[in-house]
Amino acid sequence: MKQKKVLTGFIMDGKAGGVDKYLLSFLESIHSESVRIDFLTNHININLKKKLAQYGSNLYEVTTLRKPKLQYKQICDIIKKHSYDVTYFNISTAINRIGPQAAFDCNVPIRAIHSHSTGNDCASAYKRKILDYLHNQYKKRLYKTANHFYACSKTAGLWMFPQKIVESDKFQVIHNAIDTSKFSYNIAVREKVREELDLKDNLVIGHVGNFCYPKNYGFLLDIFYQVVKRDPRARLLLVGNGPDWDIVQNKIQTMGLQDRVILLGMRTDVNRIMQGMDVFLLPSRFEGLAIVSIEAQTSGLPCVFSTGMSYEAKITEPVIYLSIDDSVDKWADAVLSFENYHRVDHTAEVIAAHYDLAHQQESYRRVLENGID
């Protein structure tokens, strides 16, 4: 049987965020002797390259969008050299149009685009206005380069594709699925994590994410400050890293919260850390559909989300949505409303909502429709 070859991207270091998580999950689910999945990146991470090699996958470095003509040529060269049957571009903005265009021009039979966001990640209002304009311009042509369309939510689909595509049978929502067995509520793990982090009887508000503009860390710290004023036992657990790391650290110092905020950096045991939390807080400016929101609910955590994230993320009952235009006090009220919440296991609900990794394997294979014998 001829091996089918898939080119997908873009991946960063395998740890950078939701798209990296999704792509590695996709690889683990689809990999077989009959399928080879290769990846595009803007900078080769040696550890990631070694990890992918275990699956027989190649990692190819191409230049950034700052050199669009060179990136286009490099992707075309890779496609032509390896004769890919499928291209699968996972992107957050239509500005990342070069890969899909290269696949179209190289006549790749199966050309899929997967939308993972609903906005441009840029802190500058002026630059963001330019990026939004470019996105809307390129969006008008991007869909013409593909024949299969996916998104982590319908909202993310409408951000990337015309409504006629999203409402057609060419479009499908693929949930950001997780391995629910790793995140199921476990009181023994919870007690161990809280002991390790010296949390004792504290009210622990948790957050996991890249330290970047969409995650709205300034507002998150403002909310926590109000929570602490009402309940000095409160502690904030932040898991992640990113470009705004120094900004977040400086604000923590300025607000005098350094003894109440625990910065854990990048962790490979998020499933364990979530067990030690009491409330999950995600006041994002925008999201496609954050994987961490599913992980938190699977862990039995009550959650407070912003309306910048699709309502499709609400699976369990203890979830409150608020606008980032709402007052900090209102957000603090929502967090503290779960102060005495009795935590239970919600794994069955997550599986029933089709966010379980095992269920999603069929959806992953559909990405390669007509591309696998």
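**Salt bridges around Arg-230**

Me: What relative accessibility does Asp-329 have, given that it counts as partly exposed?
Reply: Partly exposed lies between buried (under 20% relative accessible area) and exposed (over 50%), with a 1.4 Å probe and protein chains only. This is a predicted model, where local features need pLDDT of at least 70 and side-chain atom pairs pLDDT 80 or more, while totals for chains, interfaces and linings use all residues. Residues are numbered from 1 along each chain as its sequence is written, and side-chain values use heavy atoms, without hydrogens or water. For Asp-329 the value is 38%.

Me: How many residues apart in sequence are the parts that Arg-230 and Asp-329 tie together?
Reply: Their side chains meet in a salt bridge (a Lys or Arg side-chain nitrogen within 4 Å of an Asp or Glu carboxyl oxygen), here at 3.4 Å, N to O. Arg-230 lies in helix α10 (217-230) and Asp-329 in helix α14 (328-336); helices are DSSP runs of H or I, at least four residues, numbered from the N terminus. The pair therefore joins parts whose separation in residues is 99.

Me: Which helix holds Asp-333, another partner of Arg-230?
Reply: The side chains of Asp-333 and Arg-230 meet at 2.3 Å, N to O. The two residues are 103 apart, with Arg-230 in helix α10 and Asp-333 in helix α14.

Me: Lys-200 and Asp-198 also pair up, so what is the relative accessible area of Lys-200?
Reply: Their salt bridge spans 3.7 Å, N to O. Asp-198 is exposed at 53%. Lys-200 is exposed too, at 64%.
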